[in-house]
Number of protein chains: 2
Amino acid sequence: MKTLLKHIQSIHPISKEAEKALLEISKEVRFQKGTDVQSIGHTCKTIYFVKDGCVRIYYFKEDIDITESFEFENAFVARAESLFTGKPSLKAIQAIEDTLLIAIDSNRLFQLFDSHHDLERLFRKIIEASYVNTVNRIESLQFHTADERYLHLLKDHKDILKRVPLKYIASYLGITPVSLSRIRAHK
Amino acid sequence: MKTLLKHIQSIHPISKEAEKALLEISKEVRFQKGTDVQSIGHTCKTIYFVKDGCVRIYYFKEDIDITESFEFENAFVARAESLFTGKPSLKAIQAIEDTLLIAIDSNRLFQLFDSHHDLERLFRKIIEASYVNTVNRIESLQFHTADERYLHLLKDHKDILKRVPLKYIASYLGITPVSLSRIRAHK
DNA sequence: GTAATTTCTTATCATATGTAAAGTAGTTTC
DNA sequence: GAAACTACTTTACATATGATAAGAAATTAC
């Protein structure tokens with residue numbers, strides 16, 4: 001669990017008691033490459049931290065598999081639309097590689113917020129950062145060409161091509177695999 | 001300020017003391033149609049609540065004016081990328097109509113979080129809801145046609161066509177005004 | 001109220017991306 | 001190691017959107 005605590009310290013330092021309380025509601029879970037961590041229709045009650053490996057959030061639009069996001073080592077993952085609304089999620093979380101996650105029980109976490117103010121602040125800051133990221137992604141989808149978005153993704157995640165199938169990258173960029181192939185061929 | 005307090009109560013009820021503290025760091029400000037509430041290059045230290053009128057967040061990409069978002073009555077507005085990072089914003093906030101805003105001093109608000117846990121929880125929930133909204137907007141930009149996005153916007157904001165120039169709506173949808181005209185002509 | 005300015009629409013042509021189908025390469029299964 | 005399957009690429013054609021320019025409509029300024 002050291003990786004998680006270290007990552008947390010870099011965002012917002014919390015007390016020893018808060019660390020202890022957090023670890024009590026967390027456990028390590030492993031998933032084989034290709035398996036669903038959480039499936040479509042399930043209400044999200046877990047916040048995951050990626051210790052090793054990588055995952056994606058995906059959903060289906062008219063039978064087409066669309067990757068909403070990727071997460072790699074040292075990042076949190078949750079299906080926000082379900083976690084924060086209590087509704088069943090239309091999306092699933094899948095392990096793209098053999099993956100080691102730390103699962104945090106969100107209901108118990110939200111309860112801890114009452115007694116550990118610093119934990120609530122930590123997660124407020126985590127959500128703020130995620131929010132800034134999604135706003136930037138909107139900007140990218142709004143006014144960059146698919147070509148630019150592809151190059152930008154490679155810059156941000158230098159090893160993504162070795163770790164993630166192109167078909168997932170294509171839908172993440174908002175284009176078809178055929179179109180991504182074309183873009184790659186022109187480089 | 002009643003509008004603000006009423007809106008807050010519907011998200012997360014706070015104590016009378018917290019309400020009082022919040023009002024002390026808030027003030028009403030008016031902006032004429034077309035004027036900038038905050039300009040590009042300014043570091044965002046204010047969270048606004050729209051009491052009457054409407055605003056947009058916009059920026060320039062290579063001399064082209066792009067609307068990132070609109071906000072109407074009973075919504076909060078802030079340039080998250082600047083507010084949460086402390087960096088100067090590349091974006092501006094502009095009044096689209098004569099607008100009455102409530103300006104909340106963000107530094108003093110963040111200080112209040114130390115003494116008023118319920119205020120921090122309130123704003124955590126506000127950010128969570130904004131986050132869910134932006135994730136949904138990504139989905140919309142990723143795999144809906146411009147045509148679908150336009151119809152969806154009209155559904156969500158029935159009076160938007162009467163209040164907001166089409167050129168702003170076009171860039172918000174990620175298309176040119178010419179393209180929006182075409183889409184509208186086919187209905 | 002007229003002129004000037006801005007906003008919106010229409011038309012034409014160029015380009016990027018989608019769809020479908022076929023082929024190639026790589027991986028998995030037995 | 002052959003067969004089956006999956007991932008990726010390539011080609012041909014269709015469609016949506018972009019760029020530019022010109023005109024119409026609406027708004028603003030005087």
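How many bridges join strand 4 of chain A to strand 7 of chain A, and in which sense do the two strands run? That question opens the first of five short exercises on this predicted model.

**Exercise 1. Build up the sheet that holds strands 4 and 7 of chain A.**

Step 1. Start with the pair from the opening question: strand 4 (residues 55-61) and strand 7 (residues 92-95) of chain A are antiparallel, and four bridges join them.

Step 2. Look at one pair of residues across these strands. Ile57(A) has Ile93(A), in strand 7 of chain A, opposite to it.

Step 3. Now place both strands in their sheet. This is an open sheet of four strands in chain A, paired antiparallel in the order 2-7-4-5. Its edges are strand 2 (36-38) and strand 5 (64-71) of chain A, each of which pairs on one side only.

Step 4. Add the twist: on average, and with direction ignored, neighbouring strands of this sheet are turned by 35° against each other.

Step 5. Finish with the helix that packs on the sheet. Helix 8 of chain A touches strand 4, strand 5 and strand 7 of chain A, and its direction is at about 90° to that of strand 5 of chain A. Keep helix 8 in mind, as it returns in Exercise 3.

**Exercise 2. Find the order and the edges of the sheet that holds strands 3 and 8 of chain A.**

Step 1. Read off the order: the strands of this open, four-stranded sheet of chain A follow 1-8-3-6, with antiparallel pairing.

Step 2. Go to the edges. Strand 1 (26-31) and strand 6 (76-77) of chain A each have a single partner strand, so one side of each lacks a neighbour in the sheet.

Step 3. Move to the pair between them. Six bridges link strand 3 (residues 46-52) and strand 8 (residues 99-105) of chain A in the antiparallel sense. Follow Ile47(A) across, and you reach its bridge partner Ile104(A) in strand 8 of chain A.

Step 4. Look for the helix here too. Helix 1 (residues 2-11) of chain A lies across strand 3, strand 6 and strand 8 of chain A, and runs at about 105° to strand 3 of chain A.

**Exercise 3. Describe how the protein meets DNA strand D.**

Step 1. Collect the neighbours: DNA strand D is surrounded by 16 residues, and the closest are Leu166(A), Lys167(A), Ser181(A), Ser179(B) and Arg182(B). Of the atoms of DNA strand D that come within 4 Å of the protein, 67% belong to sugar and phosphate.

Step 2. Check contacts with phosphate oxygens of the strand. Lys167(A) brings a polar side-chain atom to 2.4 Å from one, and Ser181(A) brings a polar side-chain atom to 2.5 Å from one. From chain B, the side chain of Ser179(B) has an N or O atom 3.2 Å from a phosphate oxygen.

Step 3. Assign the surface to elements. Helix 8 (166-173) and helix 9 (177-185) of chain A, together with helix 9 (177-185) of chain B, each supply at least two residues. Helix 9 of chain A gives the most, with five residues.

Step 4. Sort the residues by kind: seven are nonpolar, four polar and five charged.

**Exercise 4. Repeat the analysis for DNA strand C.**

Step 1. There are 15 residues around DNA strand C, and the nearest are Ser179(A), Arg182(A), Leu166(B), Lys167(B) and Ser181(B). Sugar or phosphate makes up 62% of the atoms of this strand within 4 Å of the protein, and bases the rest.

Step 2. Look again at phosphate oxygens. A polar side-chain atom of Lys167(B) is 2.5 Å from one, a backbone N or O atom of Leu166(B) is 2.8 Å from one, and a polar backbone atom of Ala146(A) is 3.2 Å from one.

Step 3. Helix 9 of chain A, along with helix 8 (166-173) and helix 9 of chain B, gives two or more residues to this surface. The most come from helix 9 of chain B, with five residues.

Step 4. By kind, the surface has seven nonpolar, four polar and four charged residues.

**Exercise 5. Work out how the two protein chains are related.**

Step 1. Chain B is superposed on chain A by a rotation of 180° with 0.0 Å of shift along the axis, at an RMSD of 0.0 Å. The two copies are therefore related as by a two-fold rotation axis.

Step 2. Compare the interface residues: 97% of those of chain B are also interface residues in chain A, so the copies meet through the same surface.

Technical notes
Residues numbered from 1 in each chain as written. Chains lettered and ligands numbered in written order. Predicted model: local features only at pLDDT ≥ 70, side-chain atom pairs only at ≥ 80, totals over all residues. Heavy atoms only, no water. Near = heavy atom within 4 Å. Polar contact = N/O pair within 3.5 Å; in protein donor to acceptor, adjacent residues only side chain to side chain. Nonpolar A, V, L, I, M, F, W, Y, C, P; charged D, E, K, R; others polar. Least-squares fit on C-alpha atoms with pLDDT ≥ 70 in both. Contact = heavy atoms within 4.5 Å. Pairing = 2+ DSSP bridges. Axes fitted to C-alpha atoms, helices over the stretch in contact; angles between N-to-C directions.
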